Amino acid sequence: MVHSPTCPHPCFLLVPASEPQFPHLQTPDPGDAVWNVRWALCTRRSSGAPAPGPGATIFALSSGQGRCGIAVIRTSGPASGHALRILTAPRDLPLARHASLRLLSDPRSGEPLDRALVLWFPGPQSFTGEDCVEFHVHGGPAVVSGVLQALGSVPGLRPAEAGEFTRRAFANGKLNLTEVEGLADLIHAETEAQRRQALRQLDGELGHLCRGWAETLTKALAHVEAYIDFGEDDNLEEGVLEQADIEVRALEVALGAHLRDARRGQRLRSGAHVVVTGPPNAGKSSLVNLLSRKPVSIVSPEPGTTRDVLETPVDLAGFPVLLSDTAGLREGVGPVEQEGVRRARERLEQADLILAMLDASDLASPSSCNFLATVVASVGAQSPSDSSQRLLLVLNKSDLLSPEGPGPGPDLPPHLLLSCLTGEGLDGLLEALRKELAAVCGDPSTDPPLLTRARHQHHLQGCLDALGHYKQSKDLALAAEALRVARGHLTRLTGGGGTEEILDIIFRDFCVGK
């Protein structure tokens, strides 16, 4: 926090660490645009101007920083229309949701700032539900700085905090909490699968599903409470409690299926762990370099070149992946290589998908046979499920084989032929990876809405636990209370009754201007 001897409100000089667009503000520069805006706000406050309350109008640069063709600056709040009139005086407000070309001028000096497109979004028909304005200005730093300083000089306006626009949209009922999380994921999406999943969540699919479950519980709760109040009334329909039990059992099945699938959604959001393993000189490092399209690992004919685990994030067939290159599995020649092999085996246990590599021209060697008997056979013996490890066996160096294929050797499970040298077989490997990763992470184009955060899993598990208490309750009043608890978990999942601390955690990762 920066204090001024003339400013009674030093909090307005606080620069949050989550404000990536102006990192240099942590060491304030009097020549900086946003520093000047905050200083102007404090100076105006100290002169007796009223401080804006919770309904204050906020403004921020919403597009990326740096030089660009167009930069978008927007405001939200009751003084948005006033700010637009002041910067474009003496013009009236443009038609709602129609772009209008206006000359922007500094309200203090009257100096022209830029000729820009402005859009007026009167509330509640706006992103935040409040009056909003967008200024589409030229993206030079001097232009952006001048417009930000001009907005900071308008009474009632203040710079936005990180995520404040989206938080206002949530507070005004424009987005529920799962949609807010979908918006955050969409902003950070780096792969095609992440984009699809985030867009589905932003469109409200998970929220609609949870609301449907909540309505089911509301109906069941109404049946139970009706029986409590009117159980001896002849006018009460028969089978009321039985109907509630049927609905609860069906909901339990649906919740259980989504909870078993929760790990897939989290992998899709944060990335699946793919580990490349095999004996020395099988071509593991070459494959990692080929898949990541950059020289991540050193490639050498000398066995034991890779001593540590090398990791790199990769977009594989549209899915986010943390790709790991590991030391060749053998008895280490020295203590360093032994430690590398130990770490390789440790990382192997954490893998979601194992790329097991063998030298196709050396399948009869003791190291290849031992690898097939230990790693490949043990993973293949697992019962298939969404939580079990998956394995792809890749035979590298196919360019060294005769046209008849691999020579004499042990019986091989299903495998893929590849040449890291020529690239032959790479398309087949990528297609196999796409199918395996769709099973590991879920397919956003076909699967039901996925649970992408631990918070989702926590509330669904809480709901399922409460339904278990409902089934075990011998007293109808306790059964009704269990249904209320279960319904409360579903309500909190979409944002109802959320505490300020939870909301702070969700919104803190948003950038300023969103």
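Colleague: Let's start with the second largest cavity: which element gives the most to its lining?
Modeller: Keep in mind that this is a predicted model. The lining of the second largest cavity is made up of Gln197, Arg200, Gln201, Glu205, Leu206, Pro449 and Leu450. The elements that give two or more residues to that lining are α6 and α7 (205–230). With three residues, the one that gives the most is α6.

Colleague: And what volume does the second largest cavity have?
Modeller: A search of the whole structure turns up two cavities of 30 Å³ or more. For the second largest cavity, the volume comes to about 40 Å³.

Colleague: Back to α6, then: why do its buried residues sit on the same side?
Modeller: Helix α6 spans residues 192–202, and its buried residues are Ala193, Gln194, Gln197, Ala198, Arg200 and Gln201. They share one side of α6 because, around the axis, they cover an arc of only 160 degrees.

Colleague: What phi does glycine 204, just after α6, take?
Modeller: Helix α6 runs over residues 192–202. Just past α6 comes glycine 204, where phi is positive, at about 95 degrees.

Colleague: What is the order of the strands in the open sheet of six?
Modeller: As background, strands of a sheet pair through backbone hydrogen bonds, either parallel or antiparallel. Here the pairing is mixed, and the order is β8-β9-β7-β10-β11-β12.

Colleague: Which strands stand at the edges of that sheet?
Modeller: The sheet is open, with β8 at one end of the order and β12 at the other. An edge strand here has a single partner strand, so one side of it is left without a neighbour in the sheet, and that is the situation of β8 (310–316) and β12 (416–417).

Colleague: Further in, how many bridges join β10 to β11?
Modeller: Leucine 358 stands opposite leucine 395 in β11. Strand β10 covers residues 353–359 and β11 covers residues 390–396, they run parallel, and the bridges joining them number seven.

Colleague: At about what angle does helix α13 run to β11?
Modeller: Helix α13 takes in residues 426–441 and lies across β7 (272–277), β8, β9 (319–325), β10, β11 and β12. Relative to β11, the angle of α13 is about 170 degrees.

Colleague: Moving to the earlier strands, which residue in β5 stands opposite arginine 74?
Modeller: Strand β2 (residues 70–76) runs antiparallel to β5, with seven bridges joining them. β4 also pairs with β5 in the antiparallel sense, over five bridges, and there leucine 119 stands opposite glutamate 134. Arginine 74 faces that β5 residue too: glutamate 134.

Colleague: How many of the seven residues of β5 are buried?
Modeller: β5 has β2 joined to it by seven bridges and pairs with β4 over five. The strand is mostly covered, and out of its seven residues the buried ones number five.

Colleague: What about β4: which residue is the bridge partner of serine 105?
Modeller: Strands β3 (residues 100–105) and β4 (residues 112–121) pair in the antiparallel sense over six bridges. They form a hairpin with six residues between the strands, and glycine 110 takes a positive phi near 75 degrees there. Across from serine 105, the partner in β4 is proline 112.

Colleague: Any odd peptide geometry around there: what is omega for the cis bond of glycine 123 and proline 124?
Modeller: Proline 124 falls in the loop between β4 and β5 (132–138). The peptide bond from glycine 123 to proline 124 is cis, with omega at about 5 degrees.

Colleague: Arginine 97 has a positive phi; is it exposed or partly exposed?
Modeller: Arginine 97 lies in the loop between α2 (80–87) and β3, and its phi is near 60 degrees, positive in a residue other than glycine. Its relative accessibility is 43%, so arginine 97 counts as partly exposed.

Colleague: And arginine 293, what is its relative accessible area?
Modeller: Arginine 293 sits in the loop between α10 (284–292) and β8. Its phi is positive, near 60 degrees, and it isn't glycine. Exposed means over 50%, and arginine 293 is exposed, with a relative accessible area of 64%.

Colleague: Last one: what share of the protein chain's 514 residues counts as buried?
Modeller: The secondary structure of the chain comes to 16 helices and 12 strands. Among contacts between residues at least 6 apart in sequence, 67% join residues at least 24 apart. The buried share of the 514 residues is 49%.

Technical notes:
Residues numbered from 1 in each chain as written. Predicted model: local features only at pLDDT ≥ 70, side-chain atom pairs only at ≥ 80, totals over all residues. Heavy atoms only, no water. Pairing = 2+ DSSP bridges. Helix = DSSP H or I, 4+ residues; strand = E, 2+ residues; numbered from the N terminus. Contact = heavy atoms within 4.5 Å. Axes fitted to C-alpha atoms, helices over the stretch in contact; angles between N-to-C directions. Buried < 20%, exposed > 50% of the residue type's maximum accessible area, 1.4 Å probe, protein only. Arc of directions from axis to C-beta. 1 Å grid on protein atoms, 1.4 Å probe; cavity = no way out; pocket = protein on both sides within 12 Å on 5 of 7 lines; lining within 4 Å. Points joined across faces, edges and corners; volume = space filled by probe spheres on them.
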